[in-house]
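Biologist: Please go through this model with me before I plan anything around it. I will ask short questions as they come up.

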Amino acid sequence: MTDTAIDGDIKPATVASYLRRHPDFLADYPDLASELVLPSANGPAASLAVHQLRGLREKNATLEARLRELTAVAGDNEKLMRRVHGLMLALLGSRDIEETVRNVVRRLTEDFQSERIRLIFFGDLAGLPDEPWLLREPHGASGLPEFASFLEHNDPVAGRLAPEKLHRLFGDDAPAVRSAALMRIGPDAILAIGSADADRFHPGMGTLFLDMISTTVGSAIERARKVA
């Protein structure tokens with residue numbers, strides 16, 4: 001329909017403007033709803049009722065898809081919560097610092113399917129095992145200039161790390177690590193988890209569970225040190 005006047009001086013734009021201001025117009029004149037037709041991109045013109053029904057079905061399908069997505073996320077979060085709880089119980093039962101760090105690595109490997117784990121301790125803490133996944137930095141934070149920004153802010157970091165950071169953490173395994181998560185563990189340790197999957201850890205992911213893991217591990221290590 002063009003802007004050519006209809007029924008005297010009334011133009012289609014005027015009718016359209018009136019209907020926009022009175023969206024309940026067809027409720028007062030329901031007989032018009034069955035007579036109006038709307039163009040369809042997929043075929044011939046459809047009645048207003050059919051058009052509205054199609055729109056409602058499309059919205060319903062969108063809402064159902066969103067509900068399925070939220071249900072899946074809720075299920076994943078529940079699984080992660082159970083794993084964090086299992087980690088906490090395992091650490092509570094640890095008798096010393098060696099058993100504590102071994103339980104950290106075991107739980108992260110078995111329950112969280114973590115591929116590569118590194119624990120970096122500042123100084124020379126007694127009782128730590130000699131394992132490839134445990135690193136010591138005698139100079140503390142000053143001996144890790146690559147991680148200065150991370151150590152300053154203390155917030156968990158997830159995503160792709162620069163080559164020098166990967167090499168410092170994973171050594172010869174660095175080329176196989178395509179994404180990683182970093183967590184500060186108490187005042188003098190770092191926990192790093194590396195993955196060959198580039199999408200396993202990314203900047204857009206939530207850090208709630210990383211925070212929970214770092215807090216749980218940090219508390220367990222501090223308790224083990226006091227017992228020793």
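Biologist: What is the relative accessibility of N154, and what does the residue count as?

Modeller: N154 has 39% relative accessibility, so it counts as partly exposed. The classes are buried, under 20% relative accessible area, exposed, over 50%, and partly exposed in between, with a 1.4 Å probe and protein chains only. Please note that the model is predicted: local features need pLDDT of at least 70, side-chain atom pairs count only at pLDDT 80 or more, and totals for chains, interfaces and linings use all residues. Residues are numbered from 1 along each chain as its sequence is written, and side-chain values use heavy atoms, leaving out hydrogens and water.

Biologist: Where is N154 found?

Modeller: N154 sits in the loop between α6 (148–153) and β5. Helices (H or I, at least four residues) and strands (E, at least two) are DSSP runs, numbered from the N terminus. The phi of N154 is positive, about 70°, although the residue is not a glycine. Most residues other than glycine have a negative phi.

Biologist: Which other residue, not a glycine, has a positive phi, and where is its place?

Modeller: Q113 has a phi near 50°, and its place is in the loop between α5 and β3. With a relative accessible area of 45%, Q113 is partly exposed.

Biologist: And H153, in which helix is it found?

Modeller: H153 belongs to helix α6. Its relative accessible area is 52%, so H153 is exposed. From C-alpha to C-alpha, H153 and R184 are 9.5 Å apart in space, while 31 residues separate them in sequence.

Biologist: Turning to the sheet: in what order do the strands come?

Modeller: The order is β4-β3-β7-β6-β5, in an open sheet of five strands with mixed pairing. Two strands pair if DSSP finds at least two bridges between them. The edges are β4 (134–137) and β5 (157–159); each has a single partner strand, so one side of each is left without a neighbour in the sheet. From one strand to the next, the twist averages 15°.

Biologist: In what sense does β3 pair with β4, and with β7?

Modeller: With β4, β3 pairs in the parallel sense over four bridges; with β7, the sense is antiparallel, over six bridges. As examples, F122 has E137 of β4 as its bridge partner, and R116 has G194 of β7. In general, strands of a sheet pair through backbone hydrogen bonds, either parallel or antiparallel.

Biologist: How many residues of β3 are buried?

Modeller: Six of its seven residues are buried, so β3 is largely enclosed by the rest of the structure.

Biologist: Which members of the largest nonpolar core touch the most others?

Modeller: They are V101, L108, L119, F121, L191, I213 and V217, out of 31 residues in that core. A nonpolar core here is a set of buried Ala, Val, Leu, Ile, Met, Phe, Trp, Tyr and Cys residues joined through side-chain atoms within 4.5 Å. Elements giving two or more residues to this core include α4 (48–92), α5 (97–110), β3 (116–122) and α8 (208–227). The largest share, seven residues, comes from α8.

Biologist: What does L119 touch, beyond residues up to four places away in sequence?

Modeller: L119 touches V101, V104, V105, W133, L134, L135, I190 and L191. Contact means heavy atoms within 4.5 Å.

Biologist: What about N103 in α5, buried or exposed?

Modeller: N103 counts as buried, at 9% relative accessibility. Leaving aside neighbours within four places in sequence, N103 is in contact with L87, A90, L91 and S94.

Biologist: Which strands does α8 lie across?

Modeller: α8 lies across β3, β5, β6 and β7, and runs at about 45° to β6. Axes are lines fitted to C-alpha atoms, for helices over the stretch in contact, and angles run from 0 to 180 degrees between N-to-C directions. Among the buried residues of α8 are F209, L210, I213, V217 and I221.

Biologist: Lastly, what are the overall figures for the protein?

Modeller: The protein has eight helices and seven strands, and buried residues make up 32% of its 228 residues.
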